[in-house]
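Visitor: I would like a close look at a single part of this structure, taken slowly and set against the rest of the chain.

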Amino acid sequence: MTVEMLAAEQVMSRVLVAVKPDESPLMAWELMRRADVHHLPVVEGRHVFGILTREQVAMSWSGGPEEQSSRQVRMLLGCERRPVVRPDTPLTRVAAAMLDAGCDALPVVDGGGLIGLVTAHDVLLAVAGRLRPAEGSHEVVTGMFHLEPVLPPAFTAGDVP
């Protein structure tokens, strides 16, 4: 099958790690690190608020773990609208939408919400003829694992050796 004949649903990742908009940047960073992903859909149910990138989390980082735990990832998304694509969107249009928006990942949505994510890596795999086999049903995992940030214990003046 040629690249021109491929659609978003044929190259997208179907099983995702996602985060809710009220989660902390610390939690988002830890999810990305443990799942080894660079993009984290921010969702409530299947409604997509946006795609959070490692770069956005890193650029917004200030203070220590305590400060990061008290913020919400929805504040990192900004007000810019990222395009979304439908499952039947041709891959050439997906790539053009990424270029036009200056982003490297787009959510794939149907009438019920998020069903997948197409990244620049997925597009390159398709162009190189290295498509992965379809992974089955449209499953969105919003909690592959649940993590609680561990804060270091507070020290008092008497604790210092």
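Guide: What follows starts with the whole chain, turns to helix α2 and the loop after it, and ends with the cores.

The model is predicted, so local features are given only where pLDDT is at least 70 and side-chain atom pairs only at pLDDT 80 or more, while totals for chains, interfaces and linings use all residues. Residues are numbered from 1 along each chain as its sequence is written, and side-chain values use heavy atoms, with hydrogens and water left out.

The secondary structure of the protein chain comes to 6 helices and 4 strands, where helices (H or I, at least four residues) and strands (E, at least two) are DSSP runs numbered from the N terminus. Read from the N terminus, the elements follow the order α-α-β-β-α-α-α-β-β-α. The chain has 161 residues, of which 38% count as buried; buried stands for under 20% relative accessible area, exposed for over 50%, and partly exposed for values in between, with a 1.4 Å probe and protein chains only. Its accessible surface is about 9500 Å², and carbon and sulfur atoms hold 56% of that area, as computed by the Shrake-Rupley method with a 1.4 Å probe, only the protein chains shown counting as cover for residues. Among contacts (heavy atoms within 4.5 Å) with a separation of 6 or more, 62% are between residues 24 or more positions apart.

The part to look at closely is helix α2, which covers residues 25–35 and in which P25, L26, M27, A28, E30, L31 and M32 are buried. L26 has a partner far along the chain in S69: the two are 43 residues apart in sequence, yet their C-alpha atoms are separated by 5.7 Å. S69 itself belongs to helix α4, residues 65–70, and with 31% relative accessibility it counts as partly exposed.

E30, one of the buried residues of α2, also takes part in salt bridges, a term that here requires a side-chain nitrogen of Lys or Arg within 4 Å of a carboxyl oxygen of Asp or Glu. The structure holds 4 of them. In one, R33 pairs with E30, the closest N and O atoms being 2.5 Å apart; because these two residues are 3 positions apart in helix α2, about one helical turn separates them. R33 counts as partly exposed, at 46% relative accessibility. In another, R34 pairs with E30 with the closest N and O atoms 2.9 Å apart, and these residues, both in α2, are 4 residues apart, again about one turn of the helix.

After α2 comes D36, which lies in the loop between α2 and β1 (39–44). D36 is not a glycine, although its phi is positive, at about 55 degrees. With a relative accessibility of 58%, D36 counts as exposed. It forms a salt bridge with R54, in which the closest N and O atoms are 3.9 Å apart. Since R54 lies in helix α3 (residues 54–60) and D36 in the loop between α2 and β1, the pair ties together parts that are 18 residues apart in sequence. Within α2, salt bridges with shared partners join E30, R33 and R34 into one network.

The cores complete the picture; a nonpolar core is a set of buried Ala, Val, Leu, Ile, Met, Phe, Trp, Tyr and Cys residues joined through side-chain atoms within 4.5 Å. The largest has 16 residues, and L91, V94, L106, V108 and V118 touch the most other members. At least two residues of this core come from each of α1 (8–11), α5 (91–101), β3, β4 and α6 (120–127), and α5 gives the largest share, 4 residues. Leaving aside residues up to four places away in sequence, L91 touches V3, L6, A7, V11, V123 and A126. A second, separate core of 13 residues includes M32, together with V42, V57 and V73, and M32 is among the buried residues of α2.

Strands β3 and β4 also pair with one another, where pairing requires at least two bridges found by DSSP. Strand β3 (residues 105–110) runs antiparallel to β4 and is joined to it by 6 bridges, one of the bridge partners being V118 in β4 for L106. A hairpin through 2 residues connects β3 to β4. In β4 (residues 113–119), 7 of the 7 residues are buried, so this strand is largely enclosed by the rest of the structure.
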